[in-house]
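Me: Could you take a close look at the salt bridges in this one for me? I'm new to this, so please go through them pair by pair.

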Amino acid sequence: NRSATTAARRPGSSCGAAGLADDGPLGGAQCAARRASCLGDRRATAAAVSVETIAMLPHQLQELHLGSNMFSGEIPGVYAFLPRLNRLNVANNDLSGVLPELNDAVEYIDISYNKFNGSFPMHLLRDSVVSLKISGNAFSGTLPLVSNTMLRDLEVGSNRFYGSLGHLSSLIQLTSLNVSWNAFTGALPPIMEFRDIRLFDV
């Protein structure tokens, strides 16, 4: 059926299925990256969502989901200029480099399963953040003393952290804690301290 074949090849049809409009600045950029992949370019980069594209995004943008793609390179620092951004999800890509500062409105951050390294990204753990997921990277060193008592989700599994975990008992609001597949030693955090814990993965 020729019409069906044409519809299947129409640019943006796959993005439409994902809930992205291909005529918007972000939808168009993601569709372009996906079309490039279909044409044999399997290494779509973070540059496909350019600084100019992000600058065109409406300031009322609250959620940005770019997970499970093939983006590489750094997270654009211009994300810090999205004043109402509340959720950032770039998990399951090939991203690396410096993690940018984010605005004070961000509460949910998921950068899991990329290629970030270095010490724990403490600058991401502001008092406003209630969920931080950084599992599956190459972060190393010890976990710092976290003073954010409103934190509910902390997932740092499958990195290269070491040291003790006793100080995590101060995070009394935690509902999810994943520190598995690291090199932690010493005593376990007393699970009874976490009154609302639902996932405890060590």
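Reply: Here is a walk through the salt bridges, one pair at a time. First, a heads-up: this is a predicted model, where local features need pLDDT of at least 70 and side-chain atom pairs count only at pLDDT 80 or more, while totals for chains, interfaces and linings use all residues. Residues are numbered from 1 along each chain as its sequence is written, and side-chain values use heavy atoms, with hydrogens and water left out.

The structure has four salt bridges (a side-chain nitrogen of Lys or Arg within 4 Å of a carboxyl oxygen of Asp or Glu). Take E63 and R87: their closest N and O atoms sit 3.7 Å apart. That pair links distant parts of the chain, with E63 in strand β1 and R87 in strand β3, 24 residues apart (strands are DSSP runs of E, at least two residues, numbered from the N terminus). E63 is partly exposed at 42% relative accessibility, and R87 is partly exposed too, at 30% (buried means under 20% relative accessible area, exposed over 50%, partly exposed in between, using a 1.4 Å probe and protein chains only).

Next up, K115 and D94 meet at 3.2 Å, N to O. K115 lies in the loop between β5 and β6 and D94 in strand β4, so this pair ties together parts 21 residues apart in sequence. Here K115 is exposed at 52%, whereas D94 is buried at 17%.

Then there's R126 with D104, whose closest N and O atoms are 2.4 Å apart. R126 lies in the loop between β6 and β7 and D104 in the loop between β4 and β5, so parts 22 residues apart get tied together. R126 is partly exposed at 26%, and D104 is exposed at 56%. Salt bridges with shared partners also join E101, D104 and R126 into one network.

Technical notes. Helix = DSSP H or I, 4+ residues; strand = E, 2+ residues; numbered from the N terminus.
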